[in-house]
Amino acid sequence: GSRTLTFQAKLAASFPAGTTTIKNVGVADNDQEPPKTSNETTVTVTAKPALALAKAADRTSVDSAGLITYTLTYTNTGNAPATGVVISDTVPSNTAFQSCTGGCTHSAGTVTWPIGTVAAGGSGSVTLTVKVTSLVACEVCNQATIKSPDQNLGAPVSSNRVCVSVVPSDNPSGANANGSATGALAHQSLLGLTLLDATLPAGNDTGHDHTSVDSSQSGVGADSEFTQLIGVSLPGVLQAGVLKTESTSTITSSPAQANAISVATATDVNVLGVVQASLVRGVASATATGSSTTVSSTGSVIEGLKIDLDGSGPLPPVAQAVSPNLRIDLPALVFGSGSYVAIYEDASSTSTPTGSSGGTYAANVTVNMIRVKITGLVLGVAASDVIVSQAVAHADFPQTTVCGAQAKQAVSGSAFILDVQTDPSLLPTTLGYVKIPPSGGSASQTLNTAVVGTLATTKTATSSSTGTLGATSSTATSVAEAAFVCVVETVTGCSVSARAVTSQANSTATAGSRSSNAAGTEFLGLRVLGVAISAPVPPNTVIGLPGIGFVVLNEQTCENGGTLASGCSDGTVPGHTGLTVRAIHVVLLDPAAGGLPGAEVIVAEAHSDAKFLP
């Protein structure tokens, strides 16, 4: 007879790497015969490790200077242990090594983990933390490797590639601001011989050039200079009661911007007997950020202006509201061919980068409030060029890198309650500052009180900014509100006060249009030197503060060369519009005002801009 028997043997879960032969022999035994051995069966088992490495980041987006922590999870899904396992990870570009776990070492930008043996079916994890160092990177990408001599002859196995988007930050350390203010420049010559070459007043700071009041700042900080000259007399050329000049250059990191403002003031002016004025003030302000520029001569004013065209006596006073770049030709028979008088010369320019990174936003403005240019006659009249109240300002800021879709569509917005800039020894103070990124979002802050010495105080105040990137438009709105405002408090009360002020800036850009407006801006109970100011307050209303300086109410400036008349739609950057609204902006010219020379106080600033390129 015959019979078949079967049985099963289960292999071990792990075998040594390589080939293992499983042998088996059966034995039949009975009482009548000696044992009989069967044939030998052979089964070959091939065992090997199967290492894998998975990489994950703890975030999908990070700001510049932020931290990223990677978790590296390793597994061995094979049927043999992996010995001598090593994980390696190169610190990503635009980052710096911060820390790691799991017995790692860091050398020359490479982090290594000597894991040792990983059993079949085994797993584990380690971490690596890096700090984003680049201000221009749009993303940080990284991939690690794992290897063992038991797998692929020791060739490394790569993990998945992980990319974390970066929100590039502003770079105030690379920004510059400078300006100068000159009370008067006078040059006179006759028959090629120089009769007069004067700059008044000279600077009084040993760190400056002593030819005019000037300021210069690179990187975060502030620099300023202030001086005045009383009783100026250049016989037959220039008479002035007072020449007062100041220039301040400031770079801040929050808000991230470069700003220069220069102010030149003159009183009781008589230039060559041709132009007279009781008050002349030239103001030049230039501001640059990582995404915009603003130039302004707001605050420039001339009062009691009289012009004598032919020596027969001054004409009746010219209206105080003089438009920029007024030019009056002088009679050639009296003064020489090409002679003229220019009032409120305003030469402004801005430049913006065309790419998405690596460029610079720059703003320049030069203001000459009075200029008398006389070419002179061969006999008699000397050639003369006299400028009164010249203010110059320049600011530039490295472009903040624009990433991905934001290169075509972006918004930004910011608002604050108080900003006070004083002497270089005191850092500017900004209270209630909020800001949104180019991708949009919202931010807000509420203050019960905001106080900066005797220069400015408010009660309840709120600042907010919102922005949205839509399918067909980019929109942004910023609002700054303050109650019970007092600016420059003196023994007689507040120089400027209000029960409530609201500054609002709104910007919208689509594929075919762009515009900004100040809808929502309001004043309640506004007073200047105790005198009530009726609402609504026209944009860029300038009021002098005798012995103190001047105030600009409802100050509005478009970005990138745009004009308010067009809704800031005619700027130099295609598809972009922006507006800054300041409820109250006081510029102090006299230390007796309670602050230092050149101090500026801004109450309730709101900024918005939007970009949409087809």
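A disulfide is a pair of cysteine sulfur atoms within 2.5 Å. The exercises below concern a predicted model.

**Exercise 1. Determine how many disulfides the structure holds and which pattern they follow.**

Solution. The structure holds five disulfides. With the bonded cysteines counted along the chain, the pattern reads 1-2, 3-6, 4-5, 7-8, 9-10.

**Exercise 2. Establish the handedness of the disulfide of Cys141 and Cys163, and state which parts of the chain the pair ties together.**

Solution. Step one: the sulfur atoms of Cys141 and Cys163 are 2.1 Å apart, and the cut-off for a disulfide is 2.5 Å. Step two: the torsion about the S-S bond is about 115°, so this disulfide is right-handed. Step three: Cys141 belongs to strand β11 (residues 139-142) and Cys163 to strand β14 (residues 162-167); the pair therefore ties together parts that are 22 residues apart in sequence. Cys163 is partly exposed, its relative accessible area being 35%.

**Exercise 3. For the disulfides Cys486 to Cys494 and Cys558 to Cys568, give the handedness of each link and the burial of the cysteines.**

Solution. Step one: the sulfur atoms of Cys486 and Cys494 are 2.0 Å apart. The torsion about their S-S bond is -105°, and the link is left-handed. Cys486 counts as buried at 8% relative accessibility, whereas Cys494, at 28%, counts as partly exposed.

Step two: Cys558 is joined to Cys568 with an S to S distance of 2.0 Å. This link is left-handed, with -65° about the S-S bond. Cys558 lies in strand β43 and Cys568 in the loop between β43 and β44, ten residues apart. Both Cys558 and Cys568 are buried.

**Exercise 4. Explain what the salt bridge of Asp89 and Lys55 ties together, and state whether its partners are buried or exposed.**

Solution. Step one: the structure holds nine salt bridges. In one of them, the side chains of Asp89 and Lys55 meet at 2.7 Å, N to O. Step two: Asp89 is in strand β6 (residues 82-90) and Lys55 in strand β3 (residues 51-57), so parts that are 34 residues apart in sequence are tied together. Step three: Asp89 has a relative accessible area of 0% and is buried; Lys55 is also buried, at 5%.

**Exercise 5. Describe the setting of the salt bridges Glu555 to Arg582 and Arg327 to Asp329.**

Solution. Step one: the side chains of Glu555 and Arg582 meet at 3.7 Å, N to O. Glu555 lies in strand β43 and Arg582 in strand β44, so the pair ties together parts that are 27 residues apart in sequence. Both residues of this pair, Glu555 and Arg582, are buried.

Step two: Arg327 and Asp329 meet at 3.3 Å, N to O. Arg327 is partly exposed, at 49%, while Asp329 is exposed, at 53%; the cut-off for exposed is over 50%.

**Exercise 6. Locate Leu153 and Asn560, and state whether each is buried or exposed.**

Solution. Step one: Leu153 is not a glycine, yet its phi is positive, about 55°. Leu153 lies in the loop between β12 (144-147) and β13 (157-158) and is exposed, with a relative accessible area of 88%.

Step two: Asn560 also has a positive phi, near 55°. Asn560 is found in the loop between β43 (549-558) and β44 (576-588) and is buried, with a relative accessible area of 1%.

Note on methods. Residues are numbered from 1 along each chain as its sequence is written. This is a predicted model: local features need pLDDT of at least 70, side-chain atom pairs count only at pLDDT 80 or more; totals for chains, interfaces and linings use all residues. Side-chain values use heavy atoms; hydrogens and water are left out. Helices (H or I, at least four residues) and strands (E, at least two) are DSSP runs, numbered from the N terminus. Buried means under 20% relative accessible area, exposed over 50%, partly exposed in between (1.4 Å probe, protein chains only). A salt bridge is a side-chain nitrogen of Lys or Arg within 4 Å of a carboxyl oxygen of Asp or Glu.
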